[in-house]
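Please read this report with the structure open beside the text. It is written for a reader who has not met this structure before.

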Amino acid sequence: MKVFYFLFIAVCSTVDVYPQSKAIFIRRDSLLKAETTSFHPKNSNPFALVAGGSKGIGYAIAEALALRQYNLILVARHHTPLLEAKEKLENKYNIQVEIMSYDLSKRTSAAEISKWCIKNDIPLKMLCNVAGLGGTNDYLKVPLDTLYYMVNLNIESCMSLSLQLLPLLEKNAPSFILNVSSMAGFAPIPSKNMYSATKSAVTFFSYNLRHQLKKRNISVSCLHPGPVFTKPSIKADTKRRLGFIGMQMAVPPSRVGETAVRETLNGKMIIVPGTLAKITSGFTRIMPRGMLASIYGSLGEE
Ligand SMILES: NC(=O)c1ccc[n+]([C@@H]2O[C@H](COP(=O)([O-])OP(=O)(O)OC[C@H]3O[C@@H](n4cnc5c(N)ncnc54)[C@H](OP(=O)(O)O)[C@@H]3O)[C@@H](O)[C@H]2O)c1
């Protein structure tokens with residue numbers, strides 16, 4: 001019993017190590033927008049759109065799709081990592097990669113991206129909503145604007161891209177939507193109030209959407225990663241705060257991407273990469289929410 005409690009606490013803590021990224025403002029002239037992106041199909045492969053696909057888990061998902069000969073549309077804010085991802089994936093997998101620089105926290109972004117995809121009749125088979133904001137700073141600690149940014153990016157962009165790309169996904173069915181939540185989406189975590197709230201919204205949205213789209217032959221899945229070392233800071237924090245067990249629980253980005261894509265294509269709803277994370281998430285999902293909030297709350301604020 002003590003071992004399970006330890007595992008549980010360990011995973012509780014892992015959701016805190018995902019670092020805070022910032023709302024970044026990019027020079028207008030560095031942006032690659034849908035309206036300036038011309039489309040010339042280079043093969044007849046299906047397409048997947050990865051929102052947040054230039055780095056980290058999103059890039060790993062993109063690579064797992066490229067391995068399966070999916071062409072890609074990658075969306076992120078920064079132009080240079082997008083270009084690097086495009087060149088790497090095109091050269092290694094001989095696929096077509098389109099890139100677009102958008103801040104997905106802005107309401108107009110999903111509309112512009114979807115409009116471009118529909119106008120060019122992209123054979124879209126999969127939408128992956130990956131971009132998200134997490135971190136140790138959350139409600140009561142950050143300005144309201146940061147919280148709006150988190151809500152807009154974590155929930156609104158996922159909700160909005162899914163709806164606006166639905167006509168294409170339906171046209172190219174059987175097709176897939178993969179939403180990225182977190183282990184934090186399974187439990188209320190007072191010190192990560194809005195992060196766990198937004199991620200649980202992504203989880204519930206995915207359950208509901210899966211039911212709604214079943215008859216349209218569109219399968220919806222939801223990924224719940226534990227710690228993934230997408231940046232050196234996550235690894236350092238995990239090691240410092242969780243030691244050996246935390247390091248064992250981490251799953252490399254490439255494995256997260258491969259598991260996510262494989263299980264999405266297999267039609268699985270809840271995807272938790274890694275054995276330890278799977279076991280612990282099983283406990284988290286059956287425990288009373290009030291008890292979880294007390295346990296997480298007693299772990300203390302940073
Ligand atoms: N890493 C973990 O331990 C972990 C654990 C659980 C859940 N997750 C979830 O997994 C997802 C990805 O995490 P990650 O660690 O792979 O993140 P990451 O390495 O920071 O990559 C995030 C990707 O999203 C893009 N992005 C970020 N903000 C954006 C915005 N406003 N508009 C458009 N694109 C944006 C980034 O590119 P730009 O910066 O150029 O925009 C990048 O391509 C997130 O939803 C996160 O909550 C991560």
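The paragraphs below go from the whole chain to its sheet, then to single strands, the ligand and one residue.

## The model as a whole

This is a predicted model, and its protein chain has an average pLDDT of 89, with 87% of the residues scoring at least 70. Two stretches fall below that level of confidence: pLDDT stays under 50 over residues 1-7, for which the model has 4 contacts beyond four places in sequence, and it also stays under 50 over residues 10-29, where 54 such contacts are found.

The protein chain contains 11 helices and 7 strands, and 47% of its 302 residues are buried. Among the contacts that join residues at least 6 apart in sequence, 75% link residues that are at least 24 apart.

## The sheet

The 7 strands form an open sheet with parallel pairing, and their order across it is β3-β2-β1-β4-β5-β6-β7. Strands β3 (97-101) and β7 (270-271) stand at the edges with a single partner strand each, so one side of each is left without a neighbour in the sheet.

From the β3 edge, the pairing can be followed strand by strand. β2 and β3 pair in the parallel sense over 5 bridges, and Val75 has Met100 in β3 as its bridge partner. Strand β2 (residues 71-76) is also joined to β1 by 5 bridges, again running parallel, and here Val50 is partnered with Leu74 in β2. On the other side, β1 and strand β4 (residues 124-129) pair in parallel over 5 bridges, with Val50 standing opposite Cys128 in β4. The pairing goes on from β4 to β5 in the parallel sense over 4 bridges, where Cys128 has Leu178 in β5 as its bridge partner.

## Strand β1 and its crossover

How many of the residues of strand β1 (residues 47-51) are buried? The strand is mostly covered, with 5 of its 5 residues buried. In a regular strand the side chains alternate between the two faces of the sheet. Both faces of β1 are covered, since Phe47, Leu49 and Ala51 on one side and Ala48 and Val50 on the other are all buried. Together with helix α2 (residues 56-67) and β2, strand β1 makes a right-handed β-α-β unit.

## Strand β5 and its crossover

Strand β5 (residues 175-180) has 6 of its 6 residues buried, so it is largely enclosed by the rest of the structure. Its two faces are both covered, with Ser175, Ile177 and Asn179 buried on one side and Phe176, Leu178 and Val180 buried on the other.

Strand β5 is joined to strand β6 (residues 218-223) by 6 bridges, and the two run parallel; the bridge partner of Val180 in β6 is Leu223. Between these strands the chain crosses from β5 through helix α7 (residues 193-213) to β6, and this β-α-β crossover is right-handed.

## Around the ligand

The ligand is surrounded by 29 residues, of which the closest are Gly52, Gly56, Ala76, Arg77 and Gly132. Helix α2 supplies the largest share of this shell, with 3 residues. By class, the shell is made up of 14 nonpolar, 12 polar and 3 charged residues.

## Gly282 in helix α10

Is Gly282 buried or exposed? This residue is found in helix α10 (residues 275-286), and it counts as exposed because it has 12 C-beta neighbours inside 10 Å, where the cut-off for an exposed residue is 12 or fewer. Its C-alpha atom is separated by 9.8 Å from that of Val272, which lies 10 residues away along the chain.

Notes. Residues are numbered from 1 along each chain as its sequence is written. This is a predicted model: local features need pLDDT of at least 70, side-chain atom pairs count only at pLDDT 80 or more; totals for chains, interfaces and linings use all residues. A residue is buried if 20 or more other C-beta atoms lie within 10 Å of its own, exposed if 12 or fewer, and partly exposed in between; C-beta atoms are placed from the backbone. Two strands pair if DSSP finds at least two bridges between them. A crossover is right-handed if, with the strands pointing away from the viewer, the path from the first strand over the helix to the second runs clockwise. A residue is near a molecule or strand if its C-beta atom, placed from the backbone, lies within 6 Å of it. Ala, Val, Leu, Ile, Met, Phe, Trp, Tyr, Cys and Pro count as nonpolar, Asp, Glu, Lys and Arg as charged, and the others, Gly among them, as polar. pLDDT is the predictor's confidence in each residue, from 0 to 100. Two residues are in contact if their C-beta atoms, placed from the backbone, lie within 7 Å.
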